[in-house]
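Let's walk through this fold together, strand by strand. Have the model open and follow along.

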Amino acid sequence: MMGVDEEKSEGEGKVWSLCRMPKLWQMSSGNGNGSSSSSSSSMGNNNVYQQTPSSERSAVTSSNAFFSMAKSLLPARRRLRLDPSNKLYFPYEPGKQVRSAIDIKNTSKSHVAFKFQTTAPKSCYMRPPEGILGPGESLIATVFKFVEPPENNEKPMEKKSRVKFKIMSLKVKGETDYVPELFEEQKDEVTVEQILLVVFLDPERSCPALEKLKRQLAEAEAALESRKKPQEETGPRIVGEGLVIDEWKERRERYLAKQQVEGVAPT
C-alpha cells in the first residue's frame with residue numbers, strides 16, 4: 001500500500017506540475033488567507049505602481065497588433081455584384097467558339113475599375129476585358145471560349161473544364177480614364193472579387209440557367225449595338241473585334257502626361 005500511495009502522490013505531482021499556474025498568478029494569489037493582504041500591500045508598493053503604465057502600454061500595443069492581424073485576415077469588402085455570382089455558363093458545343101455572359105454592377109459609392117483575367121488567354125477572351133463603372137452603374141460582359149472536343153470515350157456533358165476566370169476591382173477617382181497601368185501602380189489596393197468556374201450546359205435541354213444566359217447575351221448585344229451608333233460619325237477607328245486604336249492611344253497619352261505633371265512638383 002505504501003508503494004501504491006507513493007506512486008500515486010508522484011503521479012499527482014507530475015500532473016500538477018503540468019498544470020502549474022504562471023508566476024504572476026501565483027504572486028497575486030499568495031498563500032491561504034493572506035492573499036488579499038499581500039495583494040493590497042503589493043498595490044501600495046511604489047515600485048509596482050511605477051511599473052504599471054509601461055505594462056499597460058505593452059498590453060495596448062499587443063492588443064493593437066492583434067486587431068491589425070485579425071483585420072488583415074478578414075475578407076476584403078466587395079465593390080462589385082456579379083450575376084452569376086461564381087460561375088460562367090457555356091453551351092457545350094465541341095469544336096466551336098461559344099459565349100457566356102456576366103452582369104457586373106458597381107455597388108459602392110465610388111468609381112471602380114474592373115479587370116478580367118483567365119488561365120487560358122489563348123482560347124478565351126472577354127468583351128470588354130476591363131473598364132470603369134460609376135456608382136450604381138452596371139454592364140453585361142461577354143466571355144468567349146473555344147470548347148475542346150471530348151477525349152477517348154468521355155461523354156460530352158461529363159467533360160470538365162479547368163479554365164478559370166478572375167475578376168479584380170480597384171477604387172479610382174471619378175472621371176478617370178482606364179489605362180492598363182492602373183492595376184500595376186496600385187496593386188496593393190486591388191481586390192479579387194471572385195474566381196469564376198466554367199460550367200457547361202446542354203444546348204438542347206432547356207433549363208433556367210440556359211434561358212437566363214440567352215437573355216443576358218441578347219442584352220449585351222443590344223448594348224454593344226447602341227454604343228456603336230455614335231461611333232460611326234465621330235467615334236474612333238475600330239480594327240477587328242472590339243480593338244479600339246485611337247481612343248486608347250489618346251487616353252494613355254493623357255494619363256502619362258498627367259502622371260508626369262503630378263510627379264514634377266515645385267520645390
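Start with strand E1, where the side chains alternate: Leu80 and Leu82 point to one face and are buried, while Arg81 and Asp83 point to the other and are not. Buried here means under 20% relative accessible area, exposed means over 50%, and partly exposed is in between, using a 1.4 Å probe and protein chains only. That pattern is what you'd look for, because side chains in a regular strand alternate between the two faces of the sheet. Strands are DSSP runs (E, at least two residues), numbered from the N terminus.

A quick word on the ground rules. This is a predicted model, so local features need pLDDT of at least 70 and side-chain atom pairs count only at pLDDT 80 or more, while totals for chains, interfaces and linings use all residues. Residues are numbered from 1 along each chain as its sequence is written, and side-chain values use heavy atoms, with hydrogens and water left out.

Now zoom out to the sheet. E1 belongs to an open sheet of four strands in the order E1-E3-E7-E5, with antiparallel pairing; two strands count as paired if DSSP finds at least two bridges between them. The edges are E1 (80-83) and E5 (124-127), each of which pairs on one side only. From one strand to the next, the twist averages 25°, taken between lines fitted to C-alpha atoms, with angles running from 0 to 180 degrees between N-to-C directions.

Step across the sheet and you can check the pairings. E1 is joined to E3 (residues 97-106) by four antiparallel bridges; Leu82 is partnered with Ile104 in E3, and Asp83 with Asp103. E3 then pairs with E7 over nine antiparallel bridges, and Arg99 has Phe144 of E7 as its bridge partner. Finally, E5 and E7 share four antiparallel bridges, with Arg127 opposite Thr142 in E7 as its bridge partner.

So what about the nonpolar side chains? The largest nonpolar core (buried Ala, Val, Leu, Ile, Met, Phe, Trp, Tyr and Cys residues joined through side-chain atoms within 4.5 Å) has 24 residues, and Leu80, Ile102, Ile104, Phe116, Phe165 and Ile167 touch the most other members. Apart from this core lies another, of eight residues, including Met168 and Phe183. Leaving aside neighbours within four places in sequence, Phe165 is in contact (heavy atoms within 4.5 Å) with residues including Leu88, Met126, Val143 and Leu196.

Last stop: Pro149, in the loop between E7 (138-146) and E8 (164-172). Pro149 is partly exposed, because its relative accessible area is 43%.
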